[in-house]
Amino acid sequence: MRKLFLTVAWLFTAAVVLQLYFAAVGVFSNPEDELFSWHGTNGRIVLPLLALLLIVTAALARAGKRTIWLSVLPLVLIIFQTVLFILTGVIFGLDESDHAAPPLGATLMLGLHAVNGTAILL
């Protein structure tokens, strides 16, 4: 089981690195190509599933209380990624039409998305 836990941990880390790559591909591509959707799909489906699998395999491997609780942290941070967008929308009263020109405060707050992504990688 410990090998499975280690394998899932490496897969999760690789998926987070890919998440950063997908964000860059989306930002530096033609918006009509919709390549930024790779970032969204990976962040909404692949990363949460791997984070859940990380928790389960840590528990099954009897990795110790500290390691099991530390394996919960990435899932919490992934959930916070979405909560950050919701909070920003509520605080600044944003909707889909504000995407092209958000207020400076909203932009600065959403910059925390990248900082939190770095915390997930760590």
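Me: In this predicted model, which elements are among those that cover the buried residues of helix 5?

Reply: The model is a prediction. The residues to be covered are N116, G117 and I120, the buried residues of helix 5. The cover over these residues includes helix 1 and helix 3.

Me: Why do the buried residues of helix 5 count as being on the same side of that helix?

Reply: The buried residues of helix 5 are N116, G117 and I120. They are placed on the same side of helix 5 because the arc that they cover around the axis is only 105°.

Me: Which exposed residues does the face of helix 5 turned away from its buried side carry?

Reply: Exposed here means over 50% relative accessible area. On the face of helix 5 turned away from the buried side, the exposed residues are A114 and V115.

Me: Leaving aside neighbours within four places in sequence, with which residues is Q81 in contact?

Reply: Q81 is found in helix 3. With a relative accessible area of 11%, Q81 is buried, the limit for that class being under 20%. Neighbours within four places in sequence being set aside, the contacts of Q81 are H113, N116, G117 and I120.

Me: Which element gives the most residues to the largest nonpolar core?

Reply: The largest nonpolar core has 11 residues, among them F12, L47, L75 and I120. Two or more of its residues come from each of helix 1, helix 2 and helix 3. The greatest contribution, 4 residues, is that of helix 2.

Me: Leaving aside neighbours within four places in sequence, what is F12 in contact with?

Reply: F12 belongs to the largest nonpolar core, as do L47, L50, A51, I78 and I120. Once neighbours within four places in sequence are excluded, the residues in contact with F12 are L47, L50, A51, P74, I78 and I120.

Me: Is T57 buried or exposed?

Reply: T57 lies in helix 2. Leaving aside neighbours within four places in sequence, T57 is in contact with L4, F5 and V8. The relative accessibility of T57 is 2%. The class limit is under 20%, so T57 counts as buried.

Me: What distance separates the C-alpha atoms of T57 and F92?

Reply: Along the chain, T57 and F92 are 35 residues apart. In space, the separation of their C-alpha atoms is 40 Å.

Me: Which element gives the largest share of the lining of the largest pocket?

Reply: The volume of the largest pocket is about 1,400 Å³. Its lining comprises 33 residues, and F36, H39, R44, F85 and H113 are the closest to the centre. Helices 1, 2, 3, 4 and 5 each give two or more residues to this lining. The largest share, 7 residues, belongs to helix 2.

Me: How many charged residues does the lining of the largest pocket have?

Reply: The lining of the largest pocket includes 14 nonpolar and 14 polar residues. The number of charged residues in that lining is 5.

Me: Which element gives the most to the lining of the second largest pocket?

Reply: The second largest pocket has a volume of about 300 Å³. Its lining is made up of 16 residues, with L54, L70, P74, I120 and L122 nearest the centre. Helix 1, helix 3 and helix 5 are the elements that supply two or more residues. The most, 6 residues, comes from helix 3.

Me: How many nonpolar residues are in the lining of the second largest pocket?

Reply: This lining has no charged residues and 3 polar residues. The nonpolar residues of the lining number 13.

Note on methods:
Residues are numbered from 1 along each chain as its sequence is written. This is a predicted model: local features need pLDDT of at least 70, side-chain atom pairs count only at pLDDT 80 or more; totals for chains, interfaces and linings use all residues. Side-chain values use heavy atoms; hydrogens and water are left out. On a 1 Å grid over the protein atoms alone, a cavity is a set of points where a 1.4 Å probe fits but cannot get out, and a pocket is an open set with protein on both sides within 12 Å along at least five of seven lines; lining residues have an atom within 4 Å of a point. Grid points are joined across faces, edges and corners, and a volume is the space filled by probe spheres set on the points. Ala, Val, Leu, Ile, Met, Phe, Trp, Tyr, Cys and Pro count as nonpolar, Asp, Glu, Lys and Arg as charged, and the others, Gly among them, as polar. A nonpolar core is a set of buried Ala, Val, Leu, Ile, Met, Phe, Trp, Tyr and Cys residues joined through side-chain atoms within 4.5 Å. Buried means under 20% relative accessible area, exposed over 50%, partly exposed in between (1.4 Å probe, protein chains only). Contact means heavy atoms within 4.5 Å. The arc is that of the directions from the helix axis to the C-beta atoms.
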